[in-house]
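This report describes selected sheets, helices and loops of one structure. The sequence and the model are shown first, and the description follows.

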Amino acid sequence: MLRNASGVDFTHYKPPTIRRRLQRRMVLHKLDSVEQYIKYMRENPEEVAKLYQDLLIHLTRFFRDPDSFRALASEVFPQIVQQRRGLSPIRLWLPGCSTGEEAYSVAIALLEFLGEESSAVPVQIFATDVSETAIEHARNGLYADSIAADLSPERLRRFFTKTDGKYRVAKVVRDLCVFARQDVTRDPPFSKLDLILCRNVLIYMGAVLQRKLMTVFHYALKPSGFLMLGGAETVGAQTDLFAVIDKKHRIFVKRPLETPSHFQIPVEYNPGRSPLRGARLPVEMHTPHSFQNEANRLVLDRYGPPGVIVDENFQIIQFRGKTGFYLEPAPGDAAQSLNLLKMAREGLLHGLQTALYGARKSDKPVHKQGLRITHNGTNHELDLHVIPLAVPGEERHFLVLFEEAGSVGEAAPEVAVAPPQPPSSDDERVKPLQEELAASREYLQSIIQDLEAANEELQSANEEILSSNEELQSTNEELDTAKEELQSTNEELNTVNEELHGRNEELSRVNSDLVNLLGCVEIAIVIVGSDLSIRRFTPMAEKVLNLIPTDIGRPISQIKPNIECPGLEKLIARVIDTVTIQEMNVRDSEGNWYSLRIRPYKNVENRIDGAVLALFDIASRRHELELRQARDGTRAIVEVVRQPLVVLDGHLRVQAINRAFTEMFGLSADEVLHRHVYDLGGGTWDAPPLHRLLDDVLPRQGRCAGFRVEHEFVRGRPMLLDVDASRIDGGDPGTTLVVLAIHDLIPLDTSSAPPATAPA
């Protein structure tokens, strides 16, 4: 019995298919005999699973043989819908569904047939296969883009969705199909089915399984259920169970008969009938002497007359004794003239035919008496014996003995020559003719039987050829699939390579940005990992903590910083363990004080992966705080002064104004604050006297009182202003302040007003 680890029994599968798959695996492993391969499987258990997958030929595609699906839509589906009663579902079963393409094709065809009524008609499609791998693939419903060659654009658009370069079966189709692992030869079938679609499954099974499965299918179908087989499959001898409704597309309907109650699943194993009982070891061919010895024993024991030894085709293998009285060479090719029936003399043929065919059919000795032969114009009677010869390991042979009527043990009878006697009556002339006619009928019947047997063998050979064609096509599709998989893998690798290249460039940019950012930050920052090794630091940290570029990757405990901070490693470890911020003041070797702040470092996954150390110069922070306080105080003073005031920064942008300024010039705070002084009033403040004051006088003197400015700061209203200006230098434009106090003199008389002057 051929059974693999999954429990699938291949005993009744066709031996040629199994033999070819075995030879394929043996060739792959360069093994010469089945014994070596069995030993290899025992040493490598995974080979059993590989052989199992090879024996299961998964060959399928969407809408394979489109004419068959059109036949379903025109001949089967209408009758199923018409015979449906009430709310009962339409039930279909597809044994041997492989990776699911055929099941989904049937579902799509049924949805197209139902049209708008598809939502109102419940449908159950049971698709089963013995391969768990194939079932998982079918359940996923994800197929390569090559299926577009088998599907129309309309079907692709309606029943599939494009996902990552592949096609996924739409949910409306997948909901109709139930995929399950099932060994159709062992597991119980479904029942009350409207249609069983079992195409190109039976071609891999022997006659025993085919007969059993036909009975199973008859049991599983409803009284009016349909069965569809593959192009090379038939119901065989079970024509009493199914009637043909479409011979071309192999569609059958269940006959209203009671299913035989004796069928069983699984099929029992009968070692006496198994086609795989195990190959016999080769034996030496028996020489003619072995037949001669056997024949000698039989002749000497029983007869001793002349005779011949023939094979099953009645070709003479050996002549024994003097047979010329009974046989004569037939005209024609010498190689074709050793047929016993062709060499028989006149009158011997009909009896010899009957005896030979009877012995071959019954495998028992046959004795014919009273045969008449004509030799040299004289009639003689004889007895004929045909005895089967059984030699172990060889095909059957037959011993044919010719014995003179009434004699016993004579090897060569003496024949008396007598003149021919006329027949005594008409009956004596008719009797030989009747016997010859009866023998001819028997001979014709045997020929008919031989032709029927040959026809069955040709049918079997045709099925094997179709099976081989399926296997070759499967291999071709496997190669195409492997090619597509390699192409797909290559494309995926190219895509991954491009993604990695893009990410590498992105990381390079991020790294450059980070380096430039850290270079611009005037704060001593050090990033350490969870093992307290230095990852990165800013240029300011090189001086403060006495670091060099080669210190990256070294533990911070091996660095001697310029700050006085005993137990720095323990402090960092505490921050990492407790996820808390630690802050303290430390002093460097030059006496400068810094604020040391240690924070946990979190990665993109929000996990603690180190710590960040930052050192802030306390003196600088104090100076900035004082400057900020001074600015706040300045703004407060500006608000209480009644004279128009405006405060500018080092870039001459307005930082503060008071109410008197807005009332004098008619400008709101939104129109003035944070704008350049020359842009105020829509550009009316871009005056040459104001340029001299702010760009020349103040930078040189720092302070100016009573600076006369004559200009039309408000359109249509010339003004004469007396400006007091003061510049507070903070060291850089961001901290420098310019304060302007403006006094409006008497309205300007443009004809007599003196030009604006600056104090000496």
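Leu648 has Val738 of strand 25 as its bridge partner. The model in which this pairing appears is a predicted one. Strand 21, residues 645-649, and strand 25, residues 737-744, run antiparallel and are joined by five bridges.

Both strands belong to an open sheet of five strands, with the order 22-21-25-24-23 and antiparallel pairing. The edges of this sheet are formed by strand 22 (654-657) and strand 23 (703-714), each of which pairs on one side only. From one strand to the next, the twist averages 30°. A helix is also associated with this sheet: helix 19, residues 688-701, lies across strand 21, strand 23, strand 24 (717-728) and strand 25. With respect to strand 23, helix 19 runs at about 165°.

**A sheet of three strands**

Another open sheet has three strands in the order 3-5-4, and its pairing is antiparallel. Strand 3 (142-144) and strand 4 each have a single partner strand, so one side of each is left without a neighbour in the sheet. Direction ignored, neighbouring strands here are turned by 35° against each other on average. Four bridges connect strand 4 and strand 5, which pair in the antiparallel sense. Within this pairing, Thr163 has Lys166 of strand 5 as its bridge partner.

What lies in the loop between strand 4 (160-163) and strand 5 (166-169)? Asp164 is found in that loop. The phi of Asp164 is near 50°, which is a positive value in a residue other than glycine. Is Asp164 buried or exposed? Asp164 counts as exposed because its relative accessibility is 78%, and the cut-off for exposed is over 50%.

**Positive phi values**

A further loop, between strand 9 (242-246) and strand 10 (251-254), holds Arg250. Arg250 is a residue other than glycine with a positive phi, near 55°. Positive phi values are also found just after helix 5, at Gly115, and after helix 12, at Asp363. The table lists these residues with their locations.

| Residue | Location | Phi |
|---|---|---|
| Asp164 | loop between strand 4 and strand 5 | near 50° |
| Arg250 | loop between strand 9 and strand 10 | near 55° |
| Gly115 | just after helix 5 | about 65° |
| Asp363 | after helix 12 | near 60° |

**Helix 5 and helix 12**

Helix 5 comprises residues 101-114, 14 residues in total. From its first C-alpha to its last, helix 5 reaches 20 Å, close to the 20 Å expected at 1.5 Å a residue. How many of the 14 residues of helix 5 are buried? Twelve of them are, and the helix is mostly covered. Among the buried residues of helix 5 are Glu101, Glu102, Tyr104, Val106, Ile108, Leu110 and Leu114.

Helix 12 spans residues 349-362 and likewise has 14 residues. The reach of helix 12 from first to last C-alpha is 20 Å, close to the 20 Å expected at 1.5 Å a residue. Helix 12 is mostly covered, with ten of its 14 residues buried. The buried residues of helix 12 include His350, Leu352, Gln353, Thr354, Leu356, Tyr357 and Arg360. Gly351, Ala355 and Ala359 are buried in this helix as well.

Definitions and conventions
Residues are numbered from 1 along each chain as its sequence is written. This is a predicted model: local features need pLDDT of at least 70, side-chain atom pairs count only at pLDDT 80 or more; totals for chains, interfaces and linings use all residues. Side-chain values use heavy atoms; hydrogens and water are left out. Helices (H or I, at least four residues) and strands (E, at least two) are DSSP runs, numbered from the N terminus. Buried means under 20% relative accessible area, exposed over 50%, partly exposed in between (1.4 Å probe, protein chains only). The expected span of a helix is 1.5 Å times one less than its number of residues. Two strands pair if DSSP finds at least two bridges between them. Axes are lines fitted to C-alpha atoms, for helices over the stretch in contact, and angles run from 0 to 180 degrees between N-to-C directions. Contact means heavy atoms within 4.5 Å.
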